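Biologist: Can you walk me through this one? I'd like to take it piece by piece.

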Amino acid sequence: MMSQGTSVYWRKLIRIDDPVQENYLKEFKSPLEIFRPFFYFIINLICKFYLNIRVFGLENIPKDLPYIIAPNHVSALDQTMVSYAIGSKRRNQMYTLAVKHFYDRFFPRIFMKIAANVMRIDSEKDFFPAIRAAVKVIKLGKMIYINPEGTRSETGELLPFRAGVGMLAVETGAPIVPVHIHGTYQSMPPGKIFPKPSNVTVSFGEPIYMDGYIKRKQNEMAYDIYKSVTDELLKRILSLKVRNENL
Amino acid sequence: MAEIEQEIRSMVAKIIKRDEKSIEPGANIFTEYGVDSLLGVEILAGLDKKYGLDVPEQKLREIKTLNDIVRITKEQMSKKAG
């Protein structure tokens, strides 16, 4: 086949072999982090008594870092719900790509910096810089939070998944943890700034490991491999969705 | 050069999974053939593999049609040779 071994080019693009400075992630740590325990104390109360949160599948999260957390995205609450669900120890190891139109607004930025380690991106213009940042997070042995849809759904339904998360996983070798979040759209859909009482469910699926996909790189076009990882992720998130909606 | 154009047409057809005769040289491959931006990168990766052309990612923004791909390939070949 003509395009065998094209992963070499992709690896150059995302600079997978470049060394990463140990202090790279300091840039994404904020002094506001000191408020994080108090913030999640409040979130804990909101989740338990207002959003009636249920969390499933925490045992599926790999014990060893690094890995990719890949949830659907329907509400501004999503990242916080996943952060709450995984607990404080994992939360502090997680880095989140935040789109600039959200990050650049004063209150959302303050909120995000307290809630998480955030990395500002422009998902349309800065696709490769964003992927390169995610590569560095993984190479430094941390957890990266990425929405495989690339943006938030305005309707509450899943959007088509992009192959970028597949590329990141195949080229770094990091497993992907599929996550489905249900109920946040009903609580706080796009355009709303206060949540309504709801029943939120966060389900973690079994991780997708990359060994089998990496072996295919010699014989197949890289994009097709990335796409098949993304298709598998979609399949698993759909399966979690069906379960969450029928609880 | 006509041979290169045919090779590129054939390569692009395989990457975007279309019959090569159905690709119009001036048609926008993203809007008319449903190619997503990462598949566009795969075309650059194909050029890298086939001709050893390390096409910079910025060139992706210039690619809309088969004609653009041929033009960029020729530019990069000249650059490499010269």
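**Chain B, the contact and chain A**

Modeller: In chain B, buried residues make up 32% of the 82 residues. Keep in mind that this is a predicted model.

Biologist: What are the elements of chain B, from the N terminus on?

Modeller: They run α-α-α-α. That is 4 helices and 0 strands.

Biologist: What radius of gyration does chain B have, and what would a compact globule have?

Modeller: Chain B has 12 Å. A compact globule with 82 residues would have a radius of gyration near 12 Å, so the value agrees.

Biologist: And what does the C-alpha trace of chain B span along its principal axes?

Modeller: About 35 × 25 × 20 Å.

Biologist: Of the contacts in chain B between residues at least 6 apart in sequence, how many join residues at least 24 apart?

Modeller: 49% of them do.

Biologist: Now the two chains together. How many residues does the contact take from each chain?

Modeller: Chain A gives 14 residues and chain B gives 13 residues. On the chain A side, helix H1 (7–13) and helix H11 (222–245) each supply at least two residues. H1(A) has the largest share there, with 3 residues.

Biologist: What is the make-up of that chain A side by class?

Modeller: The side of chain A that touches chain B has 9 nonpolar, 4 polar and 1 charged residues.

Biologist: Back to H11(A). At what angle do H8(A) and H11(A) pack?

Modeller: About 110°, with the axes 7 Å apart. Angles of 65 to 115 degrees count as roughly perpendicular, so H8(A) and H11(A) are roughly perpendicular to each other. H8(A), residues 164–172, passes H11(A) in a right-handed crossing.

Biologist: Which residues meet there, H8(A) against H11(A)?

Modeller: From H8(A), Val165(A), Gly166(A), Met167(A), Ala169(A) and Val170(A). From H11(A), Ile225(A), Tyr226(A), Lys227(A), Val229(A), Thr230(A) and Leu233(A). By class, this contact has 8 nonpolar, 2 polar and 1 charged residues.

Biologist: Change of topic. Is Met119(A) buried or exposed?

Modeller: Buried. Met119(A) has 21 other C-beta atoms within 10 Å, and a residue is buried at 20 or more. Met119(A) is in strand E4 of chain A, residues 117–121.

Biologist: Which residues is Met119(A) in contact with, leaving aside neighbours within four places in sequence?

Modeller: Phe28(A), Tyr95(A), Thr96(A), Leu97(A), Ala98(A) and Ala133(A).

Biologist: And Glu27(A)? What separates the C-alpha atoms of Met119(A) and Glu27(A)?

Modeller: 8.8 Å. Along the chain, Met119(A) and Glu27(A) are 92 residues apart.

Notes
Residues are numbered from 1 along each chain as its sequence is written. Chains are lettered from A and ligands numbered from 1 in the order in which they are written. This is a predicted model: local features need pLDDT of at least 70, side-chain atom pairs count only at pLDDT 80 or more; totals for chains, interfaces and linings use all residues. The radius of gyration is taken over C-alpha atoms; the globule rule is 2.2 Å times the number of residues to the power 0.38. A residue is buried if 20 or more other C-beta atoms lie within 10 Å of its own, exposed if 12 or fewer, and partly exposed in between; C-beta atoms are placed from the backbone. Two residues are in contact if their C-beta atoms, placed from the backbone, lie within 7 Å. Ala, Val, Leu, Ile, Met, Phe, Trp, Tyr, Cys and Pro count as nonpolar, Asp, Glu, Lys and Arg as charged, and the others, Gly among them, as polar. Axes are lines fitted to C-alpha atoms, for helices over the stretch in contact, and angles run from 0 to 180 degrees between N-to-C directions. Angles under 35 degrees count as roughly parallel, over 145 as roughly antiparallel, 65 to 115 as roughly perpendicular and the rest as oblique. A crossing is left-handed if the near helix is turned anticlockwise from the far one by less than a right angle, and right-handed if clockwise.
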